[in-house]
Structure formats: C-alpha cells, structure tokens
Amino acid sequence: MSERVQMGEAVPAAYRQLAELDRVVRKAVADAGVDQRIVELVKVRASMLNGCSFCVDLHSHEAREKGEDEQRLLLLAAWPHAAHLYTEQEQAALVLTEALTRLPDARDVPDAAYERAAAAFTPEQLAAVAWVATTINTFNRLGVLGRKTPPKR
C-alpha cells in the first residue's frame, strides 16, 4: 500500500485557511473567557472519538503544559464514569463536544446536550466551545485520512 497523502501538504492554501480559522477561534475563546484547559479537554476528547492519534498526542501534551492533571487526561476516555473529577463547565463542554463529534451518526445535537452547555456558559462561551469542537473535528478528519501519527517522544 502506498503512503497516504497529507492533506495540508497537498493543498497548502486550504490548510493555511484552516490554520487561520483555528487562530480566529483561539481569539474568540480568549475573548469569551473560556478556560484554556477546557479547550484542550475538548480537543483531546474529540480526537479520541475520531481516532486521531496525532491530535490526541499533541493536545494531551499541550493540556499538560497548561497545567492539566495527568489523571484527568487518562480518564478522559471514560470521563462520565469519573465525572466528579471535572467541573460542570468541563462536563458541559465534553457533552457538547461528543454530540458535535458524533453528529454524522446522530443527525442532531440532543436538546439535553445543548441545554447543559447553555446553562454552563454564556452565549459567547458556548459558541467558542462549539467552534473549538468543530475545528478540531476538521483537523482530526484530515489527520485520520492521511494516517498522520504522533512523533516518538
């Protein structure tokens, strides 16, 4: 089997635009006052669900750099069974992330997921978290398609 095409290398202009979207989303997150650790939990969890090992590795590393606890990162794959380790905002962000990530199968974001996020965040924060989940899902899909793997550390 031949090596997979890396989408960012094959169409660099599109990848630059996606990177610019990511920059805009990061600014929206900061402007809305969303905790950076929530952002990294969202990125790691979506990447886990999508099977993007490159992004799981990258964002786990970035989460640790931002002060995330090792136990919480390890338990993120089964976070509902360890919900007491996550704040209400973090849980709401994870529920929304899972709904958005599984959207192709579910065809809708459940009202309960939306309402939980709406109760935990301001409208601006909710939108910022949704954009983080949407953007990382795009990066994940491109990484999975290209079978991008994490570097050995």
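**Helix packing and buried cores in a predicted model**

Thr-101 is a buried residue, with a relative accessible area of just 6%. That label follows because anything under 20% counts as buried. The structure here is a predicted model, and within this model Thr-101 sits in helix 6. Setting aside residues up to four places away in sequence, Thr-101 touches Ala-46, Leu-49, Asn-50, Asn-137 and Arg-141.

Another threonine can be looked at in the same way. Thr-135 belongs to helix 9, and this residue counts as buried too, at 2% relative accessibility. What does Thr-135 contact, once its neighbours within four places in sequence are left aside? The list is made up of Leu-18, Leu-21, Asp-22 and Val-25.

Next come the nonpolar cores. The largest of these has 31 residues. Val-29, Val-34, Val-42, Leu-76, Leu-96, Phe-121 and Val-129 are the ones with the most contacts inside it. Which elements give two or more residues to this core? They are helix 2 (12–32), helix 3 (36–50), helix 6, helix 8 and helix 9. Phe-121 is worth a look of its own: not counting residues up to four places away in sequence, Phe-121 touches Ile-38, Gln-89, Ala-92, Ala-93, Leu-126 and Val-129. There is also a second, separate core, made of six residues. Among them are Cys-52, Cys-55, Ile-136 and Phe-139.

Now for how the helices pack. Helix 6 (residues 88–101) meets helix 8 (residues 111–120) at an angle of about 145°, and their axes are 9 Å apart. This crossing is left-handed. On the helix 6 side, the contact is made by Glu-88, Gln-89, Gln-91, Ala-92, Val-95, Leu-96 and Ala-99, while helix 8 brings in Ala-113, Arg-116, Ala-117 and Ala-120. Sorted by class, the contact of helix 6 with helix 8 has seven nonpolar, two polar and two charged residues.

A second pair is formed by helix 3 and helix 4 (residues 53–65), which pack at an angle of about 160° with their axes 9 Å apart. Why are helix 3 and helix 4 called roughly antiparallel to each other? The term applies because angles over 145 degrees count as roughly antiparallel, and helix 3 and helix 4 pack at about 160°. The crossing of helix 3 and helix 4 is left-handed. Glu-40, Lys-43, Val-44, Ser-47 and Met-48 of helix 3 make the contact with Cys-55, Val-56, His-59, Ser-60, Glu-62 and Ala-63 of helix 4. By class, that contact of helix 3 with helix 4 comes to five nonpolar, three polar and three charged residues.

Last up is Arg-147, found in the segment after helix 9 (123–145). Is Arg-147 buried, exposed or partly exposed? With a relative accessible area of 47%, Arg-147 is partly exposed, because that label covers values between 20% and 50%. The backbone of Arg-147 has something to show as well: its phi is near 50°, a positive value in a residue other than glycine. Most residues other than glycine have a negative phi. As for where the chain has got to by then, Arg-147 and Ala-10 are 137 residues apart along the chain, and their C-alpha atoms are separated by 14 Å.

Conventions:
Residues are numbered from 1 along each chain as its sequence is written. This is a predicted model: local features need pLDDT of at least 70, side-chain atom pairs count only at pLDDT 80 or more; totals for chains, interfaces and linings use all residues. Side-chain values use heavy atoms; hydrogens and water are left out. Axes are lines fitted to C-alpha atoms, for helices over the stretch in contact, and angles run from 0 to 180 degrees between N-to-C directions. Helices (H or I, at least four residues) and strands (E, at least two) are DSSP runs, numbered from the N terminus. A crossing is left-handed if the near helix is turned anticlockwise from the far one by less than a right angle, and right-handed if clockwise. Contact means heavy atoms within 4.5 Å. Ala, Val, Leu, Ile, Met, Phe, Trp, Tyr, Cys and Pro count as nonpolar, Asp, Glu, Lys and Arg as charged, and the others, Gly among them, as polar. Buried means under 20% relative accessible area, exposed over 50%, partly exposed in between (1.4 Å probe, protein chains only). A nonpolar core is a set of buried Ala, Val, Leu, Ile, Met, Phe, Trp, Tyr and Cys residues joined through side-chain atoms within 4.5 Å.
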